[in-house]
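Trainee: Got a minute to go through a structure with me? I would like to start with how the parts pack.
Mentor: Fine, put it on the screen.

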Amino acid sequence: MARSRSDPSEGKVEDCIFCLIANNQDKEAEVVKKNKELVCFRDIDPAAPHHYLVIPIHHIHSCLSLQRDHIGLVERMAEMGKAVLREQGITDMMDIRLGFHKPPYISVDHLHLHVLAPSSQISNYMIYKFIPGTSSFITEERLRKRLKDNAPPVQFFNSCLSCL
C-alpha cells in the first residue's frame, strides 16, 4: 500500500478513505451513527443483510496497533454496533457477528469493526472472510480477552514469518 501522509495533531491520514468518512469528507458513505469518538456506516460490499463498519475517528492502523488501554475503545465500538443493529430492528443478538480482520487481510488500513446480522445469513461466497478463530478474523470478544491478557492478536502470521 502507498505510504500515507498523516497529520498527528488531528489523528487522521490524508489519503485514508475511513479518515475521510470520519471527518465528513466522503459524500457517498451512508453514516448511520456518529459520536465524538466513533462513526458507524454501511459497508459498501455487504456480506449480510445488515453489515456495518464502526471506526474510531482518530486513525488507528489495525487491531495489531491496539494495547491493553484500548479495551474500552473496542467495547465502545461493539456497543455502537449493537445499538445500530437494535435501531435497525435486529432483536436476536445471538445471531450477530462482531469482529476485526487481521493484517495482512485488511482492505483499509484503519481500524474497523465489522458488524453483521443475522450472522446465519452471511452470504456463502463471503462467509470465509468472517470465520472466528481463523488467521484472518478475530471476534471483538476474543480481541478484548487477548488485549487484557497482553497476548498478541495475531500469532499465526508472526509464526509464518519465522518459517521463511
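Trainee: Which strands does H3 lie across?
Mentor: This is a predicted model, to begin with. In it, H3 lies across E6, E7 and E8, and H3 runs at about 80° to E8.

Trainee: And which strands does H2 touch?
Mentor: H2 packs on the sheet and touches E3, E4, E5, E6 (97-101) and E7 (113-117). The direction of H2 makes about 145° with that of E5.

Trainee: Back to the sheet itself. What is the strand order?
Mentor: The order is E3-E4-E5-E7-E6-E8. That is an open sheet of six strands, with antiparallel pairing.

Trainee: Which strands stand at the edges?
Mentor: E3 (31-34) and E8 (137-139). Each has a single partner strand, so one side of each has no neighbour in the sheet. From one strand to the next, the twist averages 25°.

Trainee: How many bridges join E3 and E4?
Mentor: Three bridges, in the antiparallel sense. As one example, valine 31 has phenylalanine 41 in E4 as its bridge partner.

Trainee: Now the helices. At what angle do the axes of H2 and H3 cross?
Mentor: Roughly 170°, and the axes come within 10 Å. The helices here are H2, residues 71-87, and H3, residues 140-148. That crossing angle makes H2 roughly antiparallel to H3.

Trainee: Which residues meet there?
Mentor: From H2, they are Ile71, Val74, Glu75 and Ala78. On the H3 side they meet Glu140, Leu143, Arg144, Leu147 and Lys148.

Trainee: What is that contact like by class?
Mentor: The contact of H2 with H3 has five nonpolar and four charged residues, and no polar ones.

Trainee: Change of topic: pockets. How much space lies in the largest one?
Mentor: About 510 Å³. Its lining has 24 residues. Asp43, Ile44, Leu53, Ser107 and Val108 lie nearest the centre of the largest pocket.

Trainee: Which elements give two or more residues to that lining?
Mentor: Helix H1 (17-22), strand E4 (38-42) and strand E5 (50-56). H1 gives the most, with three residues.

Trainee: And how do the lining residues divide by class?
Mentor: Twelve are nonpolar, six are polar and six are charged.

Trainee: So which strands turn up in both the sheet and the pocket story?
Mentor: Take E4 and E5. In the sheet, E4 sits between E3 and E5 in the order, and E4 and E5 each give two or more residues to the lining of the largest pocket. H2 touches E4 and E5 as well.

Technical notes: Residues numbered from 1 in each chain as written. Predicted model: local features only at pLDDT ≥ 70, side-chain atom pairs only at ≥ 80, totals over all residues. Heavy atoms only, no water. 1 Å grid on protein atoms, 1.4 Å probe; cavity = no way out; pocket = protein on both sides within 12 Å on 5 of 7 lines; lining within 4 Å. Points joined across faces, edges and corners; volume = space filled by probe spheres on them. Helix = DSSP H or I, 4+ residues; strand = E, 2+ residues; numbered from the N terminus. Nonpolar A, V, L, I, M, F, W, Y, C, P; charged D, E, K, R; others polar. Axes fitted to C-alpha atoms, helices over the stretch in contact; angles between N-to-C directions. Parallel < 35°, antiparallel > 145°, perpendicular 65-115°, else oblique. Contact = heavy atoms within 4.5 Å. Pairing = 2+ DSSP bridges.
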